[in-house]
Amino acid sequence: MVADPDACLRLVRMAVRDTLHYDPQPLEQVLAGVPVAASPSDRRAVRAAVAEIAGCEVRLVEEPLAAAVGVGLDVIDPRPCLLLDVGAGIVEAVAIKQGAVTDAVALQLGATTSVGLVAYALENVVDMTAGLLRRLPDISCPAARARGVVVTGGGAHQELLLRRLRATLRLPVSAAPQPQHATVRGLMRLCLQPALAAGLTSSAR
């Protein structure tokens, strides 16, 4: 999300410079992650900012989808999977099926601490995730419950959050390995799998 255009341009410029340090070939395409909750104007701002510096096509990937790829979930499976991405500024709980986010809920975070979500935010995240689970179609719910919820983002390190989710949802809840890197790892894998990336980016426009 572009909150400060000048800072965004500086960040993209540093990333592109580092990339060209290892491979001087001109960039052909950039994949950029955006929250599912990003508005069309937010998405245009991200694409414009990155394209201005990178000088190539920019395709957007919804970050929970990228995170799911990053932790090894089969995102094109017709059975739904549930993912909770707990970032520093936004938390998104999503249902993913056949390469798309089929349902999502989001919570903007106003307060975090060095040890994770503050108490009231933690309970809001648990309630939000439970609400998403209740909204699943009856035909999808058994498969989704059996697969459980995978938690990504830095907040996945907060054991209290995981315990509260398990107690409330009554299904398996697991933190992804190195959860804070799941989205970037997924974007990297999508760069190496252009056919899969093309399918996932079509829904993020």
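This is a short walk through the structure, one selection at a time.

Before you click, know that this is a predicted model, in which local features need pLDDT of at least 70, side-chain atom pairs count only at pLDDT 80 or more, and totals for chains, interfaces and linings use all residues. Residues are numbered from 1 along each chain as its sequence is written, and side-chain values use heavy atoms, with hydrogens and water left out.

**Stop 1: helix α2**

Select residues 40–54, which make up helix α2. Helices here are DSSP runs of H or I with at least four residues, strands are runs of E with at least two, and both are numbered from the N terminus. The expected span of a helix is 1.5 Å times one less than its number of residues. For the 15 residues of α2 that should come to 21 Å, and the end C-alpha atoms are indeed 21 Å apart.

Now colour Arg43, Val46, Ala49, Val50, Ile53 and Ala54, which are buried. Buried means under 20% relative accessible area, exposed means over 50%, and partly exposed lies in between, using a 1.4 Å probe and protein chains only. Turn the view to look down the axis of α2: the buried residues fall within an arc of 135 degrees, so they line one face of the helix. That arc is taken from the directions from the helix axis to the C-beta atoms. An α-helix has 3.6 residues a turn, so residues three or four places apart point the same way. On the other side of α2, look for Pro40, Arg44 and Glu52, which are exposed.

What covers the buried residues of α2? The cover includes α1 (5–22), β1 (29–34) and β2 (57–62). Step just past the helix and you meet Gly55, with a positive phi near 65 degrees.

**Stop 2: strands β1 and β2**

Show β1 next: five of its six residues are buried, so the strand is largely enclosed by the rest of the structure. Add β2, which pairs with β1 in the parallel sense over six bridges. Two strands count as a pair if DSSP finds at least two bridges between them. To see how they line up, pick Val30, which stands opposite Val58 in β2. Then trace the chain from β1 through α2 to β2: this β-α-β crossover is right-handed. That is, with the strands pointing away from the viewer, the path from the first strand over the helix to the second runs clockwise.

**Stop 3: helix α3**

Select residues 63–70 for α3, a mostly covered helix with seven of its eight residues buried. Among the buried ones are Pro64, Leu65 and Val69. Just after α3, Gly72 has a positive phi of about 90 degrees.

**Stop 4: strands β3, β4 and β5**

Head for β4 (residues 90–97), where seven of eight residues are buried. On one pairing, six bridges join β4 to β3 (residues 81–86), and the two run antiparallel. Leu83 stands opposite Val94 in β4, and a hairpin of three residues links β3 to β4. On another, eight bridges join β4 to β5 (residues 100–108), again antiparallel. There, Val91 faces Leu107 in β5. The hairpin between β4 and β5 has two residues, and Gln98 in that turn has a positive phi of about 50 degrees.

**Stop 5: two buried residues**

Pick Thr129 in helix α4 (residues 119–135). Thr129 is buried, at 5% relative accessible area, and its side chain reaches the backbone oxygen of Val125 at 2.8 Å. Leaving aside neighbours within four places in sequence, Thr129 is in contact (heavy atoms within 4.5 Å) with Leu84, Ala93, Leu165 and Leu169.

Now jump to Ala156, in the loop between β8 (149–152) and α6 (159–169). Is Ala156 buried or exposed? Ala156 is buried, with a relative accessible area of 3%. Its contacts beyond four places in sequence include Val86, Val151 and Pro179. Ala156 and Asp85 are 71 residues apart in sequence and 7.9 Å apart in space, C-alpha to C-alpha.

**Last stop: two exposed loop residues**

Arg170 sits in the loop between α6 and β9 (173–175). Its phi is positive, near 55 degrees, in a residue other than glycine, and at 68% relative accessibility Arg170 counts as exposed. Finish at Gln178, in the loop between β9 and α7 (182–191). Gln178 has a positive phi of about 45 degrees although it is not a glycine, and is exposed at 52% relative accessibility.

Terms used. Polar contact = N/O pair within 3.5 Å; in protein donor to acceptor, adjacent residues only side chain to side chain.
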